[in-house]
Amino acid sequence: MGTRRGGRGWQRTAAALCAAVLVAAVPGCIGPPEPPDRNKPAAIALLEAFSSRMVDDGAPAVLFDVTSGGDTWTHAAGVRSLATREAATVADPVHIGTITESMVAVSVLKLVEEGRLDLDGQASDYLPEFGAVLKPPGPVSVRQLLTHESGLPDFSLPLLASGRWEELAGRPLPLEQQLGLAATVPWDGRLARIFDYSRSNYAALALIVERLRGQDIGLVLAADIAGPLRLTSTTLGGPPSAGMVHGYVTIEGTPQDAAAPAWLAEAPSNGAVSTVQEVNRFYAALLQGRLLDPDTVTAMKGGYSQYYGFALRRWNNTCNNRFYYGLPGDVDGYGTVAMTSEDGSKQLAMTVAYPPGPPTLGVNPLLFEMQEVAQEAMNSLC
């Protein structure tokens, strides 16, 4: 467990050095306690205290990466796996949950910039089976899929009703099957469309991208994002990453490894794997206009009265009375929060491999606490 700071060459590790005590004729390696680090920002102390509490509560691992004013702090506590007990490192891949949607939205909006996709066009124009299979009560636009305002039922409800978690974990679930499951749930035919989160929206968007690009969505994300930004640990689909931090759920009180459920590998809503460092690099590139045109990035942020745009949500930045942008990501076994200032210069990405608990469709309450801690830390770095 330790914290590292870069930028001005300062580094601290949790292990005490024994060399100094060799001067004294005292047996063993017992010296005075390490004095408090007076140069450590309050934000880092806050995050380290939260990390320590999470590990004490049973979290297998806690990782974070913070940048501000040219300085970088990284932190890793806990283990990669409860089986091997290898120490976790900040470069270890993790499931990033719903942060996957920000990446998928970039690939959707690149097609819009190329003139191959119309945000206000109907989903059925690009997926002829959309209307025939899903039978929406009215027109559904690409924009409504991006903003979770389509009313499309969430496929995970019938998925989890179809078998035990450990059985589903080994069952691949292609995009067409995700939408086929959504078709078994009645639509809510409200006249006014409002934000109503559904994993099915991004299954439909990913399928549209695949049809227009002629490639699997994982390959498209690699070409649009991971390749250009050299994100070597950021993937959607494929085998589990080497050195991955393992999250866990409990089934009838017994921990079950949640690092590689087959259905999640094909979920463009929450299936990507990355590292906290690469998540920060992605959001910095996005907000600095290195992945999309500046006008497109502005559209992604949403209107001033919206807290959620095109797979970006915002938090108050009290340092300049503006906003941080990013997403929280929640999936069985893992919670991740990423916040980036508008100019990409101040960032925090944090992952907690949750203390094992039963799988649920609801958001783990720890994710809300993580957002509060992250926002407080960011706002103390003014």
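Visitor: Where does Ala-311 lie?

Guide: In this predicted model, you'll find Ala-311 in the loop between helix 12 (294-301) and strand 9 (313-317).

Visitor: What makes Ala-311 count as buried or exposed?

Guide: Buried means under 20% relative accessible area. Ala-311 has a value of 0%, so it goes down as buried. Its phi is positive, about 60°, although Ala-311 is not a glycine.

Visitor: Which residue in the loop between strand 6 and strand 7 has a positive phi?

Guide: That's Glu-252, with a phi of about 50°. Glu-252 isn't a glycine either.

Visitor: Why is Glu-252 called buried or exposed?

Guide: Exposed takes over 50% relative accessible area. Glu-252 comes in at 71%, and therefore it is called exposed.

Visitor: How do you know that strand 6 and strand 7 pair?

Guide: Pairing needs at least two bridges between the strands. Strand 6 (residues 248-251) and strand 7 (residues 254-257) are joined by four, so they pair, and they run antiparallel. One of the bridge partners to look for is Pro-255 in strand 7, which goes with Thr-250. The two strands form a hairpin, with two residues between them.

Visitor: Which residues sit on the two faces of strand 6?

Guide: Tyr-248 and Thr-250 are on one side, Val-249 and Ile-251 on the other. Each of these is buried, so both faces are covered.

Visitor: And how much of the protein chain counts as buried?

Guide: Of its 382 residues, 52% do. The chain's secondary structure comes to 13 helices and twelve strands.

Methods
Residues are numbered from 1 along each chain as its sequence is written. This is a predicted model: local features need pLDDT of at least 70, side-chain atom pairs count only at pLDDT 80 or more; totals for chains, interfaces and linings use all residues. Side-chain values use heavy atoms; hydrogens and water are left out. Buried means under 20% relative accessible area, exposed over 50%, partly exposed in between (1.4 Å probe, protein chains only).
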